[in-house]
Amino acid sequence: MSRLPFQSPPCAAVTTCGSLLQELQDLWDEIGETDLERDKMILQLEQECLSVYRRKVDQARKHKADLHQILAEGEAEASNFISTLGERESFFRLEKPKGTLKEQVAAIKPLLVDLRQKREERIRDFMDVQFQIVHICAEIAGTIDQENSVTQVDERDLTLKRLAELKSQLNELQKDKNMRLQKVNALIKSIHELSILMSVDFDKTLSEVHPSFADMANSHSKSISNDTLARLAGIVHALKQEKNQRLQKLQDLGSTLIELWNLMDTPVDEQKRFDHVTCLISALTDTVLGQGSLALDVIEQVELEVDKLNILKASKMKELILKKQRELEEIYRNVHMDVEGDSEQNMLINLIDSGRVDLSELLAGMDGRISKAKEQALSRKDILEKVEKWTLACEEESWLDDYERDQNRYSAGRGVHKNLKRAEKARILISKLPSLVENLIAKVKAWEKDKGVPFMYDKVRLFETLQEYTMLRQQKEEDKKRSREQKRLQEQFAAEQEALFGTKPSPMRQVPVKKPLGQSSNVNMAAGTPTGRRISTPSSRHGVSSSSKEKKDTAKASAAIPVNYVALPKDSSAIFSP
């Protein structure tokens with residue numbers, strides 16, 4: 001084997017290796033080693049040195065490979081983190097770093113530490129958001145008690161985009177939760193109001209819906225599931241139905257109370273005890289009512305009162321029926337309808353005393369008759385109002401006739417101006433009489449055609465009365481026209497006499513005209529109402545009297561004119577001229 005050339009060690013170890021080799025040479029000389037032995041030993045030393053060098057090289061190569069692997073793993077991990085976090089723009093360092101391997105590894109370590117820290121923070125953010133999402137979903141689904149507290153995070157996607165999507169989902173769920181909480185609170189408020197109104201146990205009602213409502217102070221622990229909302233809505237609906245039923249029942253009982261009070265003339269002080277009930281008669285279903293106003297004990301109290309009044313009503317039934325009969329007679333009397341009060345009352349008394357009829361049915365029948373009488377009175381209302389106007393106009397016409405015959409009506413005195421105003425108004429009212437009567441006759445005809453019965457006014461048919469009044473008024477107008485014509489002729493005769501003889505004939509010298517034989521001196525009988533018929537309206541009496549007086553005036557005026565008088569022409573003076 002050839003001897004390897006000896007390479008001098010580094011300068012730091014030259015002195016040491018050389019001195020040791022020199023010392024070894026001296027020892028071999030002293031020992032007397034042969035050159036062959038010396039060569040073997042030197043070869044052995046060289047081999048041992050080569051082995052050490054080779055081992056050191058292998059270690060260096062392995063260290064280099066480890067550094068390459070560490071660097072590659074670090075770069076891969078960094079790339080994975082950047083991809084998972086989605087932050088390539090923030091960590092754009094994918095180009096290979098410069099320098100030795102140790103420098104490259106030292107350069108990538110801070111990046112990995114920063115990425116790991118961000119990853120842990122991102123995972124915590126994801127866990128927090130996902131935990132809230134799962135919790136709210138469990139609240140909505142009603143499975144909050146079976147909720148799994150462990151939340152799994154998908155570490156493959158930790159990007160801000162994914163986190164924003166989860167936060168948006170959480171925001172929508174929180175809005176849904178808030179809306180559900182508002183609905184729950186609104187439903188609970190309605191249940192509370194209805195419970196107070198009807199004196200229902202509010203806490204017991206809510207505890208039957210969900211145990212979370214037992215602690216009303218903690219508003220965030222309320223159940224907001226679909227099942228809870230449905231149950232609350234069902235309870236509100238049921239309570240509203242119960243409220244409407246109780247309100248309707250109290251309204252019916254209140255109406256019955258008022259009816260019984262009116263029938264039996266109950267004192268006002270006793271009625272005031274149930275003002276809280278009678279005030280509900282006109283209440284609507286949405287009206288805000290007082291606390292406990294629809295409680296069961298209130299209904300029971302009113303029912304007991306109604307039962308007590310019904311017992312009293314049974315004992316006073318006869319008196320109530322007769323009272324109803326008097327009410328019926330009063331309705332008929334107010335609208336001038338024919339009513340046989342005494343005979344009807346006697347028949348009722350005999351019927352009640354006989355015991356052959358149910359008094360409750362009889363009372364109900366009286367109520368029906370009263371309702372029918374009120375309907376009839378309502379149908380006659382329009383005509384009766386016009387009859388009243390007609391009567392008033394006739395009275396004013398009679399007064400005006402008397403007023404115009406008064407020779408001293410213009411004399412100065414107390415109340416003259418009032419009479420003048422009344423006369424002016426009376427003339428306006430009388431001018432409307434024909435149209436008023438014509439309209440009234442048309443309405444009476446229409447009423448009789450619709451009802452199929454004559455319109456009676458105080459046992460006299462109003463249509464016949466109106467016709468008779470119309471005839472009398474026409475006769476009166478004709479008498480007035482004849483009187484005016486007679487007066488005109490008399491004035492013309494007086495004027496002609498004055499023109500012929502130069503003097504005006506004196507009324508004292510006029511010779512009265514004798515009445516034809518057999519003519520009655522009472523003119524009222526000629527224009528009065530037919531014998532045997534009673535006209536209930538005062539207008540007919542006024543019409544008759546005024547027409548009679550007109551006839552008297554006509555008779556007096558005709559007495560001043562000769563019977564054989566003929567009106568002369570205006571140029572009659574030529575006849576008497578010489």
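Buried here means under 20% relative accessible area and exposed means over 50%, with partly exposed in between. Keep that in mind, because Glu242, at 28% relative accessible area, lands in the partly exposed class. What you have above is a predicted model. Its chain has 578 residues, of which 33% count as buried, and the secondary structure comes to 18 helices and two strands. Here's a quick tour, starting with how far to trust the coordinates.

**Confidence**

- Averaged over the chain, pLDDT is 76, and 79% of the residues reach 70 or more.
- At the start of the chain, residues 1-6 stay under 50 in pLDDT, and the model gives them six contacts beyond four places in sequence.
- Residues 506-578 also have pLDDT below 50, yet this stretch has 84 contacts in the model beyond near neighbours in sequence.
- Where pLDDT is low, predicted coordinates shouldn't be read in detail.

**Overall contacts**

- Looking at contacts in the chain with a separation of 6 or more, 76% are between residues 24 or more positions apart.

**Helix H2**

- Helix H2 covers residues 35-85, which makes 51 residues.
- From first C-alpha to last, H2 reaches 73 Å, close to the 75 Å expected at 1.5 Å a residue.
- Several H2 residues are buried, including Arg38, Ile42 and Glu46, then Leu67, Leu71, Gly74 and Ala78.
- Also buried in H2 are Phe81, Ile82, Thr84 and Leu85.
- In an α-helix there are 3.6 residues a turn, so residues three or four places apart point the same way.
- Right after H2 comes Gly86, with a positive phi near 65°.

**Salt bridges**

- A search of the whole structure turns up 24 salt bridges.
- Glu242 and Arg246 meet through their side chains in one of them, at 2.9 Å from N to O.
- Both of these residues belong to helix H6 (residues 226-264); they are four residues apart, so about one helical turn separates them.
- Glu242 is partly exposed at 28% relative accessible area, while Arg246 counts as buried at 8%.
- Glu305 forms a salt bridge with Arg273, with 3.6 Å between the closest N and O atoms.
- This pair links distant parts of the chain, 32 residues apart: Glu305 is in helix H9 (residues 296-315), and Arg273 is in the loop between helix H7 (268-272) and helix H8 (275-278).
- Glu305 counts as buried at 9% relative accessibility, whereas Arg273 is partly exposed at 43%.
- Glu448 and Arg461 form another salt bridge, their closest N and O atoms being 2.7 Å apart.
- Glu448 sits in helix H14 (residues 433-451) and Arg461 in strand E2 (residues 460-461), so the pair ties together parts that are 13 residues apart in sequence.
- On accessibility, Glu448 is buried at 11%, and Arg461 is partly exposed at 26%.
- Glu397, Asp401, Arg473 and Lys476 are joined into one network by salt bridges that share partners.

**Aromatic pairs**

- The structure holds four aromatic pairs.
- Trp390 and Tyr469 make an edge-to-face pair, 5.1 Å centre to centre with 75° between the planes.
- Trp390 lies in helix H12 (residues 359-405) and Tyr469 in helix H15 (residues 462-501), so this pair ties together parts that are 79 residues apart in sequence.
- Trp390 is buried with a relative accessible area of 0%, and Tyr469 is buried with 4%.
- Trp447 and Phe455 have ring centres 4.9 Å apart and planes at 80°, so this pair is edge-to-face as well.
- Trp447 and Phe455 are both buried.

**Charges over rings**

- The ring of Phe455 also has a charge over it: the charged end of Arg380 sits 4.0 Å from the ring centre.
- In another case, the charged end of Arg422 sits over the ring of Trp399, 4.2 Å from its centre.

Terms used:
Residues numbered from 1 in each chain as written. Heavy atoms only, no water. Expected span 1.5 Å × (residues − 1). Buried < 20%, exposed > 50% of the residue type's maximum accessible area, 1.4 Å probe, protein only. Salt bridge = Lys/Arg side-chain N within 4 Å of Asp/Glu carboxyl O. Phe/Tyr/Trp six-rings, centres within 6.5 Å; stacked < 30°, edge-to-face > 60°. Lys NZ or Arg CZ within 6 Å of the ring centre and 35° of its normal. pLDDT = per-residue confidence, 0-100. Contact = heavy atoms within 4.5 Å.
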